[in-house]
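Open your viewer and get the selection box ready. We will go from stop to stop, and at each one you can select a few residues and look around.

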Amino acid sequence: MFKKILIANRGEIACRVAATAKRLGIQTVAVYSDADAQAKHVAACDEAVHIGGNAPKDSYLRWERILDAAQQTGAQAIHPGYGFLSENEDFANACAQAGLAFIGPPASAIRAMGLKAESKQLMEKAGVPLVPGYHGTDQNPELLQSEADRIGYPALIKASAGGGGKVMRLVEKREDFAAALASCQREAINSFGNDAVLIEKYVQRPRHIEIQVFGDTQGNVVYLFERDCSVQRNHQKLVEITPSPWAGITPELRERLKEYSRMLVREVGYYSLATVEFLVTPQGEPYLIEVNTRLQVEHGITESRYGVDLVEEQIAVAFGAKLRLTEENTKPSHFAMQVRINCEDPQNNFAPNSGLITRYVSPGGPGVRIDSNLSAGYEFPPNYDSAGSLLIAYGRDWQKVLGIMDRALGEYVIGGIKTTIPFFRQVIKHALFRKGGINTNFIADHPELMVYTDLAPEGERLSR
């Protein structure tokens, strides 16, 4: 096994990877920007290397500095986490050339599936149904406009190299297309270093269902079935659930989604983690939307459902070990739900909120897990996304999970800045949500979720 790995990321995912490495007896190296000198992930690792300024392009996207840090500290492998360089083919290649193991798929798989447009072309050949759209390499603005006109409005412009619901623009009418395209391309360059986009028809009120796939270098593959990520705002996931509480997820549909995922793995010869994401219409028809060749933010609910450590398996597979997970030894024993505790103001269109955290009280007890980068006295920076912590509740059935999550949210105290905690307390009490009646328009369709004053525990005020 590796003796030392570098974690090329920040925030709660860097802390999460460090925790597994520590349990396995593997030393860890953190990298950090100016803004993150006092961040929790720096303290969580055995060593830390400063790699640049606050902006991601000056630090966390500067892979040559990250490789230098790995070599200077004697790291043998690099875990990219999610976001930043996790789906960057050039970075994966550079790791290999530097003699460093990349804890993820091979660069060839990232090239084949990591770019949305590339993966869609591959899946189209394999017979997997796709959302109608344009996935070509010609990025001439006039061509993109004509393709959007052909597909029809509303349409989505999506960064081809993106992920996590980031860098998307919904275009309601033709005259708004050019400005939305330019904005999307600028953001894509800043976030991923690639301004290529694809155009898709906007599917009305679907469910967002994804399949977790894990393979090794010996050709073994396990499918850990679905997560329901339908509760979103601005195309970004806020709540993730496994298994889906929607009655429309039938055994037959699960098998179809598994077969489509199997086609993908067979085509590419994939190993490590991958997530195959679908939109499912109210009539139960699935369309592939993207393949993420990395650890997902919502991986924790799969771990809680199956009692596994996906990061541990990632590390082992990168070392060349056989995948220990099989469909025979990974029987689900729980329901699980995750809410993303973001430092945002839900009552102000989820505007990011930064500043000093004056008090931090974490919930606990049976069925509760938290992956967090927050603590009292931490100055939450404005330079990155608003992710703060991931709160997971798990139990024997859906109703049990709802009760655990309600308790955990009521105990969770983050003082000094606004967060999504009060909003989620509204969500889990909503009658339709409790029945599993969710789709990607759930938040937009229920403005009453934004109507609250103070849902803090007695004597406390959350997110103030």
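How do the residues of the lining of the second largest pocket divide into nonpolar, polar and charged? They divide into 15 nonpolar, 10 polar and 7 charged, where Ala, Val, Leu, Ile, Met, Phe, Trp, Tyr, Cys and Pro count as nonpolar, Asp, Glu, Lys and Arg as charged, and the others, Gly among them, as polar.

Before you select anything, note that this is a predicted model, in which local features need pLDDT of at least 70 and side-chain atom pairs count only at pLDDT 80 or more, while totals for chains, interfaces and linings use all residues. Residues are numbered from 1 along each chain as its sequence is written, and side-chain values use heavy atoms, with hydrogens and water left out.

**Stop 1: the pocket**

Select Tyr-202, Gln-232, Asn-234, His-235 and Thr-440, which of the 32 lining residues are the closest to the centre of the second largest pocket. The space here is about 540 Å³. A pocket is an open set of points on a 1 Å grid over the protein atoms alone, with protein on both sides within 12 Å along at least five of seven lines; a cavity is a set where a 1.4 Å probe fits but cannot get out, and lining residues have an atom within 4 Å of a point. Grid points are joined across faces, edges and corners, and a volume is the space filled by probe spheres set on the points.

Now colour strand E14 (286-292), one of the elements that give two or more residues to this lining. E14 gives the most, with 3 residues. Helices (H or I, at least four residues) and strands (E, at least two) are DSSP runs, numbered from the N terminus.

**Stop 2: the second largest cavity**

Next, pick Gln-314 along with its fellow lining residues, including His-79, Phe-102 and Arg-294. The second largest cavity has a volume of about 40 Å³, and its lining divides into 5 nonpolar, 6 polar and 1 charged.

**Stop 3: helix H11**

Gln-314 is also one of the buried residues of H11. Show residues 310-319 and you have the whole helix, with 8 of its 10 residues buried (buried means under 20% relative accessible area, exposed over 50%, partly exposed in between, with a 1.4 Å probe and protein chains only). At the N-terminal end, Asp-309 acts as the cap, with a side-chain oxygen 3.0 Å from the backbone nitrogen of Val-311. Just after the helix, Gly-320 has a positive phi of about 105 degrees.

**Stop 4: a buried glutamate**

Move to helix H10 (residues 299-306) and select Glu-303. Glu-303 counts as buried because its relative accessibility is 4%. Add Arg-369: a polar contact of 2.8 Å joins the two side chains (a pair of N or O atoms within 3.5 Å; within protein, one must be able to donate a hydrogen and the other to accept it, and residues adjacent in sequence count only if both atoms are side-chain atoms).

**Stop 5: aromatic rings**

The structure holds 11 aromatic pairs. Select Tyr-60 and Tyr-384: their ring centres are 5.7 Å apart and their planes at 80 degrees, so the pair is edge-to-face. Rings of Phe, Tyr and Trp (its six-membered ring) pair if their centres lie within 6.5 Å; planes under 30 degrees apart count as stacked, over 60 as edge-to-face and the rest as tilted. The two tyrosines are 324 residues apart in the chain, and both are buried. Add Phe-84 to see the cluster that ring pairs form with Tyr-60 and Tyr-384.
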